[in-house]
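The turns below take labels applied to a structure and ask what supports them. Each answer sets a value against its criterion.

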Amino acid sequence: MKKLLVAMVGLSLLAGCSDGQEKAADGTLTENSSKAELPKQNQVLKDFPEYPILDDIIDLQVYVADIETDNKGSRIIFFEDSDGNKTYKSVFVKDENYLKVIQLNDEGILYNEIL
């Protein structure tokens with residue numbers, strides 16, 4: 001009985017000290033997360049009125065927001081890939097509730113409407 005109790009306590013300590021990573025079949029470490037989370041820089045976007053549109057157009061799990069300007073009249077956000085290349089730009093005019101989303105490399109204007 002004591003051996004079983006010691007084994008259970010030992011297993012619970014090991015599980016509690018886990019860093020949330022698992023080894024993949026190729027031997028590399030992978031994060032053990034069941035739910036994809038936004039990068040910390042993108043968390044603030046959830047409070048913006050243009051967030052639902054940006055979330056539909058841009059993969060916010062991949063691109064990191066860089067808020068270039070956020071003043072009384074407008075907000076300009078660049079979205080960068082993992083290499084720091086600016087890929088998307090959004091311009092939100094606050095008084096008019098107007099949003100323009102531009103893909104900087106190929107597609108051009110992706111969204112150009114009043115919310």
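Q: What makes two strands a pair in this predicted model?
A: Two strands pair if DSSP finds at least two bridges between them. Strand β3 (residues 64–70) is joined to β4 by six bridges, so the criterion is met. The two strands run antiparallel. One of the bridge partners can be named: A65 is matched with F79 in β4.

Q: What makes β3 and β4 a hairpin, and how many residues lie between them?
A: Three residues lie between the two strands of the hairpin. Their pairing rests on the six antiparallel bridges already given.

Q: How do you know that β6 and β7 pair?
A: The same test applies, with at least two bridges required. β6 and β7 have six bridges in the antiparallel sense, so they count as a pair. Within this pairing, Q103 has G108 of β7 as its bridge partner.

Q: Which strands make up the open sheet, and in what order?
A: Five strands form it, in the order β3-β4-β5-β6-β7, with antiparallel pairing.

Q: Why are β3 and β7 (108–114) said to stand at the edges?
A: Each has a single partner strand, so one side of each lacks a neighbour in the sheet. Ignoring direction, neighbouring strands of this sheet are turned by 15° against each other on average.

Q: How many helices and strands does the chain have, and how do they follow one another?
A: There are three helices and seven strands. Starting at the N terminus, the elements run α-β-β-α-α-β-β-β-β-β.

Q: Why is E50 called buried?
A: Buried means under 20% relative accessible area. E50 has 0%, so it falls in that class. Its place is the loop between α2 (40–43) and α3. Leaving out residues up to four places away in sequence, E50 touches R75, I77, F92, L99 and L115.

Q: Why is V62 called partly exposed?
A: That class lies between the buried limit of 20% and the exposed limit of 50%. V62 has a relative accessibility of 45%, so it counts as partly exposed. V62 sits in the loop between α3 and β3. Its C-alpha atom is separated by 9.3 Å from that of F79, 17 residues apart along the chain.

Q: What is notable about the phi of N97, and why is N97 called partly exposed?
A: N97 has a positive phi of about 55° although it is not a glycine. Most residues other than glycine have a negative phi. The relative accessibility of N97 is 30%, which puts it between the limits of 20% and 50% and therefore in the partly exposed class. N97 is found in the loop between β5 (86–93) and β6 (98–103).

Q: What makes a set of residues a nonpolar core, and which members of the largest one touch the most others?
A: The members must be buried nonpolar residues joined through side-chain atoms within 4.5 Å. The largest such core has 15 residues, of which L45, I58, L60, I77, F79 and V101 touch the most other members. α3 (51–57), β4 (74–80), β5 and β6 each supply at least two residues of this core. Beyond its neighbours within four places in sequence, I77 has contacts including L45, F48, A65, I67 and Y88.

Q: What share of the chain counts as buried?
A: Of the 115 residues, 24% do. The chain exposes about 8,200 Å², with carbon and sulfur atoms supplying 52% of it.

How values were computed. Residues numbered from 1 in each chain as written. Predicted model: local features only at pLDDT ≥ 70, side-chain atom pairs only at ≥ 80, totals over all residues. Heavy atoms only, no water. Helix = DSSP H or I, 4+ residues; strand = E, 2+ residues; numbered from the N terminus. Buried < 20%, exposed > 50% of the residue type's maximum accessible area, 1.4 Å probe, protein only. Areas by Shrake-Rupley, 256 points an atom, 1.4 Å probe, with all protein chains shown as cover. Contact = heavy atoms within 4.5 Å. Axes fitted to C-alpha atoms, helices over the stretch in contact; angles between N-to-C directions.
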